[in-house]
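Student: Could we go through this structure together, with a reason behind each answer?

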Amino acid sequence: MAAEEVTLSSHIQHHLTNAKMCSTDAGLAFNKACADSGFWTWHIDTLAWSIGLGLIFLWIFRSAAKKSTLGVPGKFQCFIEMIVEFVGDNVRDTFHGRSKLIAPLALTIFVWIFLMNLMDLIPVDFLPAFAGFVGENAFGMDSHDVYMKIVPTTDINLTAALALGVFLLMIGYSIKIKGIGGFIKELTLHPFSSNNTLVQILLIPFNLLLELIALVAKPFSLALRLFGNLYAGELIFILIGAVGLMQLPLHFIWAVFHILVIVLQAFVFMMLTIVYLSMASSDNH
């Protein structure tokens, strides 16, 4: 296994494989032993990096809050205040309801997704190679059987979980503002309506189908847009990494362009979340 020839295909496959943990009849199992474990397989690298970066986000902003002063702010405080004001301005311009949750939620989404996307700029072989080194020397594992994906947003499970959270908030806000009856009416009496009761009843299945598709398409678009853009960027970094020693200059060139993608995708996810929650909070039907 250790002497297995590393091809471009196997190199790419290795970098695109998550570190897995699952439960089997024999107890906890990892990676290849989880091939047939089904749905309940944990991507422990995605969980570890996303939770870790979330804690870093909390620590950074808590530190800024504790060190904040009414006098002349330092550079660190100014930077944090610029981010908070930027998010706050977008919330005020986009969210047309009243909620104390939206601004903190938007800030969390923007900074957390940005930090997870930012991991894409670390040279693609560095941390996986380090993980393989530790696994081989500390645990006697074959380095080819040690996996480490460090960009959580290249895992569809993570982006889908984020989108699902937004979806549940959309449903919650709709029911809170419109009530259960109003929410059901929104799904069944629009977009097609008629003054004739019988015709309106006949239109209910069509309205329900269209509204459900539109409702479910929103979290799907959130999850797939973020995943697709970051996965594509990561794949290019992996291909660049396959060229060996020349990867760093090429990595730098692609990273400069990819910075735009990293920031833009965090911003787009945040803005769409605000828009969707604003739509859910408005009683415009």
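**Backbone, links and surface**

Tutor: Pro-191 is found in the loop between H6 and helix H7 (197-241). Please keep in mind throughout that this is a predicted model.

Student: Which residue is joined to Pro-191 by a cis peptide bond, and what is omega there?

Tutor: Most residues other than glycine have a negative phi, and most peptide bonds are trans. The bond before Pro-191, in the loop between H6 and H7, is instead a cis peptide bond. The partner is His-190, and omega is about 5°.

Student: What is the phi of Asn-31, and is this residue buried or exposed?

Tutor: Asn-31 sits in the loop between E2 and E3, and its phi is positive, at about 50°, although Asn-31 is not a glycine. Because its relative accessible area is 14%, which falls under 20%, Asn-31 is buried.

Student: How many helices and strands does the protein chain have, and in what order do they run?

Tutor: The protein chain contains eight helices and three strands. Read from the N terminus on, the order of these elements is α-β-β-β-α-α-α-α-α-α-α.

Student: How many disulfides are there, and which residues are joined?

Tutor: A search of the whole structure finds one disulfide, with an S to S distance of 2.2 Å and an angle of -95° about the S-S bond, which makes the link left-handed. Cys-22 lies in strand E1 (residues 20-24) and Cys-34 in the loop between strand E2 (27-30) and strand E3 (41-43), so the link ties together parts that are twelve residues apart in sequence. Both cysteines are buried, and the joined residues are Cys-22 and Cys-34.

Student: Which residue forms a salt bridge with Asp-145, and how far apart in sequence are the parts that the pair ties together?

Tutor: The structure holds three salt bridges, and in this one the closest N and O atoms are 2.9 Å apart, with Lys-32 as the partner of Asp-145. Because Asp-145 lies in the loop between H5 and H6 whereas Lys-32 lies in the loop between E2 and E3, the pair ties together parts of the chain distant in sequence by 113 residues. Lys-32 is partly exposed, with a relative accessible area of 49%. The partner is therefore Lys-32, and the parts are 113 residues apart in sequence.

Student: Where do Arg-92 and Asp-89 lie, and what is the N to O distance of their salt bridge?

Tutor: Both residues lie in helix H3, three residues apart, which is about one turn of the helix. An α-helix has 3.6 residues a turn, so residues three or four places apart point the same way. Arg-92 is exposed, with a relative accessible area of 58%, whereas Asp-89 is partly exposed at 37%. The side chains of Arg-92 and Asp-89 meet in a salt bridge with an N to O distance of 2.4 Å.

Student: How does the span of helix H3 agree with its 20 residues?

Tutor: At 1.5 Å a residue, helix H3 (residues 75-94) should span 28 Å. Its buried residues include Ile-80, Ile-83, Val-87 and Val-91, while Cys-78 is partly exposed, with a relative accessible area of 30%. The end C-alpha atoms of H3 agree with the expected span, being apart by 29 Å.

Student: Are Glu-186 and Lys-178, which form a salt bridge, buried or exposed?

Tutor: In this salt bridge the closest N and O atoms are 2.7 Å apart. The relative accessibility is 13% for Glu-186 and 14% for Lys-178. Because buried means under 20%, Glu-186 counts as buried, and Lys-178 likewise counts as buried.

Student: Which residues does Thr-154 touch, not counting residues up to four places away in sequence?

Tutor: Thr-154 is placed in the loop between helix H5 (126-139) and helix H6 (156-188), and at 2% relative accessibility Thr-154 counts as buried. The residues touched are Lys-149, Phe-227, Leu-230, Tyr-231 and Glu-234.

Student: Which helix gives the most to the nonpolar patch on the surface?

Tutor: The patch is formed by Phe-39, Trp-40, Trp-42, Leu-47, Ile-51, Leu-55 and Leu-58, with about 860 Å² of accessible area together. Leu-58 is found in helix H2. With four residues, the element that gives the most is helix H2 (residues 44-67).

How values were computed
Residues are numbered from 1 along each chain as its sequence is written. This is a predicted model: local features need pLDDT of at least 70, side-chain atom pairs count only at pLDDT 80 or more; totals for chains, interfaces and linings use all residues. Side-chain values use heavy atoms; hydrogens and water are left out. Helices (H or I, at least four residues) and strands (E, at least two) are DSSP runs, numbered from the N terminus. Buried means under 20% relative accessible area, exposed over 50%, partly exposed in between (1.4 Å probe, protein chains only). Contact means heavy atoms within 4.5 Å. Patches are made of residues with over 30% relative accessible area and no salt bridge: like charges are joined within 9 Å, nonpolar side chains (Val, Leu, Ile, Met, Phe, Trp, Tyr) within 5 Å. Accessible areas come from the Shrake-Rupley method with a 1.4 Å probe; for residues, only the protein chains shown count as cover. A salt bridge is a side-chain nitrogen of Lys or Arg within 4 Å of a carboxyl oxygen of Asp or Glu. A disulfide is a pair of cysteine sulfur atoms within 2.5 Å. The expected span of a helix is 1.5 Å times one less than its number of residues.
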